[in-house]
Amino acid sequence: MATDTVPGSSQRLDKDTRETLVKVVRHAVLLTWSLVVIFPFYWLASMSLKPPGEANALPPDWIFLPTVYNYIQLVQQSEFVTAFANSLLMVSASVVLVLLIGVPAAYVLSRYDIPMERDVLVWILSSRMLPPIAVVLPFFIIFRELNLFDTRIGMVLMYVSINLSLVVWVMKAFFDGIPETLEEAARVDGATRFQGFRKVVLPAAKPGIFSVAIISFIFAWIELLFGLVLTSFKAVPVTLFVYSFIGSRSIEWGMLAAASMAMILPVVVFLIAVNKYLAAGLSFGVVIKE
Amino acid sequence: MSTPTQTESTSQPTSARLRELWNDYLPYWFMGPMVLVMIMITFFPGAYDLYLALIEEPTLNVFAAEFAGLDNFETAFTRGGALHSFVVTITVVVSALLLESVLGFALAAFVAGVESSRAKSFYRVLFILPMAVAPVSMATIGRIMLNSEIGIIPYVINAATPFAAPAFLSDIPLLTVILLDTWNWTPFMFIIFYAGLSSVPDTLLEAARVDGAPLWRRYVHVIIPYMKPVVFVATLIRLIDLFRTFGVVYGLTQGGPGTATQLVSINIYEQMFINNQITVAAAIAIVYLVLVVALCNVIIAKVGFEGVWD
């Protein structure tokens, strides 16, 4: 209408107009995506805080009196409490174990001349490429023979398998960034190689260890398949609890939303805590600095 | 790890010898556990899948096993629907990877352009949050929000637009899965790309700006080439992880309706636990495993990790 009457305006915008246009588009895109990101969280949270019966009313009650009824119901379910505690325990143990196994190996890969180092690193990465279903199938058979089926120890071992490659790669990158002169100085002062690692290198690599620990925690925490195949009752993780909840005939939506919130919130806190090093961790150490 | 210091009190000479052994062979002690676990989680499952795929009845006794030739593979690809599930998997992996990379990069570029540093870090933290949602919770959210009867999204589409909302889980299940995964994992691409963009030196950007190159050309000719290793690694890792997809689809549709969303991983799971055909499941698993590992290794060999290795 009125806008296209200005002659020549569409051919060549002057610099200021163009910059304003970029700015407007940028803000429009960012605000739209913010809404897309926030809305599901908001919806899940509000659903978990609505009294039963109101949870899935349409048109939705935008204004309602929040209640923790669903959360109380949830905590009174012993299956949920067990599953949540199981996950917390198994995942934490797996993080400790994967750090104990992975961090020293990463140090060696960073500091020593390893024959075929590239191939070793790609082999390590290949453990991530193996589809978990193909890995879990043999373990399903072996675990039953070894009485590891439906045990927390068995699940810890499987969680280690998801994260070992991540820990080795990220920590190698962090160790590469720590100058070797630091340890050499310590060794001149009479420290052994091990003391140099423990007292000099490890403290310097703390941010790396912290971030890789949290990211490993998240990857194990969200895993469903291992629980589905390798547990039945005693070692059920929280993901499997949520899954079996979806499967039940008459779904109590409010409680399902509450259970999901309980699973999501700790991870949100972790992500925010580690956000500075997230890119380093998720890119397997390829991006170290922002 | 048992360190020699624990034996110190018992006998001095032994402990000294152990300490020497510990320090002289440190790289071996440090690498040993990792290598053992790696063998256990790579070679062992691969070999065992292959063994299971080649026998008639699953048995732990190798000598009692009856060799089945390629029967299990034949069953898998004729009655087992393996081929269909490979097509479904490739559709999901390729579409989700494309969507997530393009969207992740665009968001990273837009956020990088924000002037106020407070707004910048606000967006940066907000946009990573969908990653906190486990795939099975993603399925939960999908079921809650997309449900034809109680879902808010069909309700809004019906109320606010002239179009009738599609039945997300039965009419367009594959697209729904792809979109849910995109919401869930675009943050992964976003945060790595954002870090990559921030690492582009200002001098490089200044030089391009002085040249008078328009914004898009600066991206195509200066910024993206500089970020190549970052783009490569992010895409490769997301590709690897997309082949691992299970929870979101299993929680949302269990591979259905029919076999519309039956990923390879779901097909294998169903062969194992619903059809009780472990050997057929193993046949599909070994094919899947070999294809994925081969594909990733070809990509790594072709593109190489330039700039990634020192």
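UniProt positions are given here in the numbering used for this model, and such annotations may be inferred rather than shown by experiment. The structure treated in these exercises is a predicted model.

**Exercise 1. State which residues of chain B the UniProt record lists for its transmembrane domain, and describe that span in the model.**

Solution. The unreviewed UniProt entry lists residues 86-299 of chain B for "domain: ABC transmembrane type-1". In the model this span is 75% helix and 0% strand, and its end C-alpha atoms lie 19 Å apart. A separate domain assignment of chain B gives domain 1 (1-41) and domain 2 (80-276), and the C-alpha centres of these two domains of chain B lie 45 Å apart.

**Exercise 2. Examine helix α12 of chain B: determine its span, its buried residues and the elements against which they pack.**

Solution. Begin with the length: α12(B) covers residues 228-242, and its 15 residues reach 21 Å from the first C-alpha to the last, close to the 21 Å expected at 1.5 Å a residue. Next, take the burial, for which the cut-off is 20 or more other C-beta atoms within 10 Å; the buried residues are Val230(B), Val233(B), Ala234(B), Thr235(B), Leu236(B), Ile237(B), Arg238(B) and Ile240(B). Finally, look for the partners: the buried residues of α12(B) pack against α5 (82-113), α9 (173-198) and α15 (278-303) of chain B, together with α4 (117-129) of chain A.

**Exercise 3. Describe the contact between chain A and chain B, and the make-up of the side that chain A contributes.**

Solution. In the model, 73 residues of chain A are in contact with 82 residues of chain B. On the side of chain A that touches chain B, the residues divide into 54 nonpolar, eleven polar and eight charged.

**Exercise 4. Locate the backbone features at Gln254(B), Pro257(B) and Phe284(A), and decide whether Gln254(B) and Phe284(A) are buried or partly exposed.**

Solution. As background, most residues other than glycine have a negative phi, and most peptide bonds are trans. Start in the loop between α13 and α14 of chain B, where Gln254(B) lies; its phi is near 55°, a positive value in a residue other than glycine. Gln254(B) is partly exposed, because 17 other C-beta atoms lie within 10 Å. Pro257(B) is likewise in the loop between α13 (247-252) and α14 (264-273) of chain B, and the peptide bond from Gly256(B) to Pro257(B) is cis, with omega near 0°.

Turn then to chain A, where Phe284(A) lies in the segment after α13 (278-282). The phi of Phe284(A) is near 55°, a positive value in a residue other than glycine. Phe284(A) counts as buried because it has 27 C-beta neighbours inside 10 Å.

Conventions
Residues numbered from 1 in each chain as written. Chains lettered and ligands numbered in written order. Predicted model: local features only at pLDDT ≥ 70, side-chain atom pairs only at ≥ 80, totals over all residues. Helix = DSSP H or I, 4+ residues; strand = E, 2+ residues; numbered from the N terminus. Expected span 1.5 Å × (residues − 1). Buried ≥ 20, exposed ≤ 12 C-beta atoms within 10 Å, placed from the backbone. Contact = placed C-beta atoms within 7 Å. Nonpolar A, V, L, I, M, F, W, Y, C, P; charged D, E, K, R; others polar. Domains from an automatic or database assignment.
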